[in-house]
Each structure stands twice: as structure tokens, then as C-alpha cells.
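Visitor: I should like to go through this model by question and answer. Please give the reasoning behind each reply before the result.

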Amino acid sequence: MLSKEQRQKRIQDIIARDAISTQGELVERLRAEGIQVTQATVSRDINELRLVRLPIGKGRHRYALAQVAGHEGVEEELGRLFQNFVRDVDRGENVLVIRTADGHATGVALLLDRLRRDDIVGTIAGEDTIFVVARTTAEGEALMEELHALMLG
């Protein structure tokens, strides 16, 4: 039986080698290698590894490790993700809710975290929803305006 770290390393190796577009495909690939795993476990691994789903054309996607270097690269990639996958940004006081296309919330949240901004306390991401906690209500309002601008390009 593999440790969690060994299993996650195998996942990284598989997605680096093959175009895996769903959790189910990843479960099948792991099982084919003799690694017994549930989809729930793979889902947790995907979140912990902060894998993102990248478009590969014709409406298809593949999992990949988020590859972003430097603050400028993060902002550029965040803009691209917002334009392609973010559907809505809403706010209640200092908490923002970002709705994405299915499977893209973790990738967007990862980039928001990598900005290391003082006005963002933290993020929590699910499958298609991200909670962003701003430090103050005023900063939440300003952040929402900024994120809306990212959506529009």
C-alpha cells in the first residue's frame, strides 16, 4: 500500500505524462497501476496538490500542476482564468463569492493565494465556488471591483 505522498507523486507523474480530464479517468489510471483508491480520495489529492484544469481545445480540459513564476505571471494567468472560467463575483461585507465553471475554483483560488495581498486574508475553494475573505469591508468592495474588471478583460 502506498503512502499518501507516494500516491500523490504517482498522480503528478500520470498527469504530466497523459491528458487526464476527469477524476474518474485518474481513478481508473491509478487502479490500472494497482493502486486502489476512491474518487473521494483522488478529489482530496487534487485539491491538496492544487491541480488546475487547463483547456486543450474543442471543449476538452486536462489536469496540470499550476506553473506560475513571479508576481507578474500570477496576475497574467489570473486574468486569463477570470476571462475564461469565472462566471460571477458577489460580495457580502468583507466576504466575496466567486463562481467558476465546474472544476476551476481551485486553480483560481491558488492564484489568488499566490498574489500574497494584504487585503486578502485567505480563500476557500470547492468545485465551482470560492470564498475570499477581505480584511475590511472597504477592501472587499475595492477587491470586487478589481475582480469584475478581470472578468471583463
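Guide: A definition is needed at the outset: a residue is buried under 20% relative accessible area, exposed over 50%, and partly exposed in between. The model is a predicted one.

Visitor: With that scale in hand, is D88 buried, exposed or partly exposed?

Guide: D88 is located in strand β3, which comprises residues 86–92. Its relative accessibility is 36%. Since buried means under 20% and exposed over 50%, D88 counts as partly exposed.

Visitor: How far apart are the C-alpha atoms of D88 and I35?

Guide: Along the chain, D88 and I35 are 53 residues apart. In space, the separation of their C-alpha atoms is 38 Å.

Visitor: In what order do the elements of the protein run from the N terminus on?

Guide: The secondary structure consists of six helices and six strands. Read from the N terminus, the order of these elements is α-α-α-β-β-α-β-β-α-β-β-α.

Visitor: What radius of gyration does the protein have, and what would a compact globule have?

Guide: The C-alpha trace spans about 55 × 35 × 25 Å along its principal axes. For 153 residues, a compact globule would have a radius of gyration near 15 Å. The value for the protein agrees with this, being 16 Å.

Visitor: What percentage of the residues count as buried?

Guide: The criterion for burial is a relative accessible area under 20%. Applied to the 153 residues of the protein, it gives a buried share of 39%.

Visitor: Why is α5 described as largely enclosed by the rest of the structure, and which of its residues are buried?

Guide: Helix α5 has 10 residues, and eight of them are buried, so the rest of the structure largely encloses this helix. After α5 comes R116, which has a positive phi near 55°. The buried residues of the helix are A105, T106, G107, V108, A109, L110, L111 and L112.

Visitor: Which elements give two or more residues to the lining of the largest cavity?

Guide: The search of the whole structure finds one cavity of 30 Å³ or more, and the volume of the largest cavity is about 30 Å³. Its lining is made up of V52, R53, L81, H104, G107 and V108. The elements that contribute two or more of these residues are β1 (51–57) and α5 (105–114).

Visitor: How does that lining divide into nonpolar, polar and charged residues?

Guide: Gly counts as polar and Arg as charged, while Val and Leu count as nonpolar. For the lining of the largest cavity, the division is three nonpolar, two polar and one charged.

Visitor: How many salt bridges are found, and which residue pairs with R7?

Guide: The whole structure contains 11 salt bridges. In one of them, the closest N and O atoms of R7 and its partner D45 are 2.6 Å apart. This pair links distant parts of the chain, from R7 in helix α1 (residues 4–17) to D45 in helix α3 (residues 39–49), 38 residues apart. R7 counts as buried at 15% relative accessibility, and buried at 2% is its partner, D45.

Visitor: Which parts of the chain does the salt bridge between E33 and R10 tie together?

Guide: The closest N and O atoms of E33 and R10 are 2.7 Å apart. Both residues are partly exposed, E33 at 34% relative accessibility and R10 at 22%. Because E33 lies in the loop between α2 (23–32) and α3, and R10 in helix α1, the parts tied together are 23 residues apart in sequence.

Visitor: How far apart in the chain are E146 and R117, which form another salt bridge?

Guide: The closest N and O atoms of E146 and R117 lie 2.5 Å apart. E146 is partly exposed at 37%, and R117 is partly exposed at 23%. E146 belongs to helix α6 (residues 137–152) and R117 to the loop between α5 and β5 (120–125), a separation of 29 residues.

Visitor: Which residues do salt bridges with shared partners join into one network?

Guide: R10 and E33, already described as a pair, both belong to this network. Its members are K9, R10, D13, R17, D18, R29 and E33.

Visitor: Which residues does the UniProt annotation "domain: Arginine repressor C-terminal" cover?

Guide: The span in question is 39% helix and 37% strand, and its end C-alpha atoms lie 9 Å apart. According to the UniProt record, an unreviewed entry, the annotation covers residues 82–148.

Technical notes
Residues are numbered from 1 along each chain as its sequence is written. This is a predicted model: local features need pLDDT of at least 70, side-chain atom pairs count only at pLDDT 80 or more; totals for chains, interfaces and linings use all residues. Side-chain values use heavy atoms; hydrogens and water are left out. On a 1 Å grid over the protein atoms alone, a cavity is a set of points where a 1.4 Å probe fits but cannot get out, and a pocket is an open set with protein on both sides within 12 Å along at least five of seven lines; lining residues have an atom within 4 Å of a point. Grid points are joined across faces, edges and corners, and a volume is the space filled by probe spheres set on the points. Helices (H or I, at least four residues) and strands (E, at least two) are DSSP runs, numbered from the N terminus. UniProt positions are given in the numbering used here, feature names are shortened, and annotations may be inferred rather than shown by experiment. A salt bridge is a side-chain nitrogen of Lys or Arg within 4 Å of a carboxyl oxygen of Asp or Glu. Buried means under 20% relative accessible area, exposed over 50%, partly exposed in between (1.4 Å probe, protein chains only). The radius of gyration is taken over C-alpha atoms; the globule rule is 2.2 Å times the number of residues to the power 0.38.
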